[in-house]
Amino acid sequence: MKKLWVAAPVMMLMLYGCNEQQTTEPEVNTEKPAVEQLTMEQKEVTTERVWVVDERLGEPAENTTCFMCNMKVHMKDDEQGVFSAQAVRENGEVVFYDDIGCLLNDEYVHEVENEKFVRDYYTLNWFNVDEAIAVKTDLQSPMNWGYIFFKYEEDAQAYMDAHAGSEIVAIDAIRQDAIERHQKKQAHQGDDHTHGQMITEDSHEE
């Protein structure tokens, strides 16, 4: 009888513990897990970043040359391919450029305004330059412009945080830079032509 009297409190404690555990479990199950909330946020970000590439656009081939300078246009999988650009002209023709400066110089020289497209630095997807965040870098692009483009501001900021000296530049500033470089080149070529004429004239006089 003494053994049963000692065991009774132990059995009561065990039954109490089981009842308490059963009452607390439903409360946990009714709460929405934080993981599900994070998943919803991730779905929203994924939805925002769905890329819709213009159906008129294409990819440069191995032998594609720049519409402005006739230099090689690098393909997507090439290290320099991130700098390539393309435009849809008024007549619907799609043309490629090896660097953003050539695209803008083409418009300046021929007095046209095309629909302009560049690659996103991280994804290499094409998108309209009007939506682009341009970042000036010390990268060596085909024509030594060094501009790269981002569709999303947070991506541009992440790049600048990791690369000291890089900065956001307005497209209009790049256009003005392109025009000035073209004008200087033309002036230099004019000087060379004049100098060549003078040498020819002097040689004839002798």
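**A walk from Ser 84 to the core**

Hi everyone. Let's start at Ser 84, which touches Val 73, His 74, Tyr 97, Asp 98, Val 118, Arg 119 and Trp 126, leaving out residues up to four places away in sequence. Touching, or contact, means heavy atoms within 4.5 Å.

Before going on, this is a predicted model, where local features need pLDDT of at least 70 and side-chain atom pairs count only at pLDDT 80 or more, while totals for chains, interfaces and linings use all residues. Residues are numbered from 1 along each chain as its sequence is written, and side-chain values use heavy atoms, with hydrogens and water left out.

Where is Ser 84 found? Ser 84 is in the loop between helix H2 (34-48) and strand S1 (85-88). Helices (H or I, at least four residues) and strands (E, at least two) are DSSP runs, numbered from the N terminus. Ser 84 counts as buried because its relative accessibility is 1%; buried means under 20% relative accessible area (1.4 Å probe, protein chains only). Its side chain reaches the backbone oxygen of His 74 at 2.8 Å.

Right after Ser 84 comes S1, which runs antiparallel to S2, with four bridges joining the two. Strands pair if DSSP finds at least two bridges between them. Ala 85 stands opposite Tyr 97 in S2. Five residues lie between the strands of this hairpin, where Gly 92 takes a positive phi near 95 degrees.

Now follow Tyr 97 inward. Tyr 97 is among the residues with the most contacts inside the largest nonpolar core, which has 27 residues; Ile 100, Leu 103 and Phe 149 are also among them. Such a core is a set of buried Ala, Val, Leu, Ile, Met, Phe, Trp, Tyr and Cys residues joined through side-chain atoms within 4.5 Å. Which element gives the most to this core? That is H3, with four residues.

H3 (residues 100-110) is largely enclosed by the rest of the structure, because eight of its 11 residues are buried. Among them are Gly 101, Cys 102 and Asn 105. Just after H3, Glu 111 takes a positive phi of about 55 degrees.

Gly 101, Cys 102 and Asn 105 also help line the largest pocket, along with residues including Met 68, Trp 145 and Arg 181. H5 gives the most to that lining, with four residues.

That's the tour. Thanks for listening!

Terms used
Buried < 20%, exposed > 50% of the residue type's maximum accessible area, 1.4 Å probe, protein only. Polar contact = N/O pair within 3.5 Å; in protein donor to acceptor, adjacent residues only side chain to side chain. 1 Å grid on protein atoms, 1.4 Å probe; cavity = no way out; pocket = protein on both sides within 12 Å on 5 of 7 lines; lining within 4 Å.
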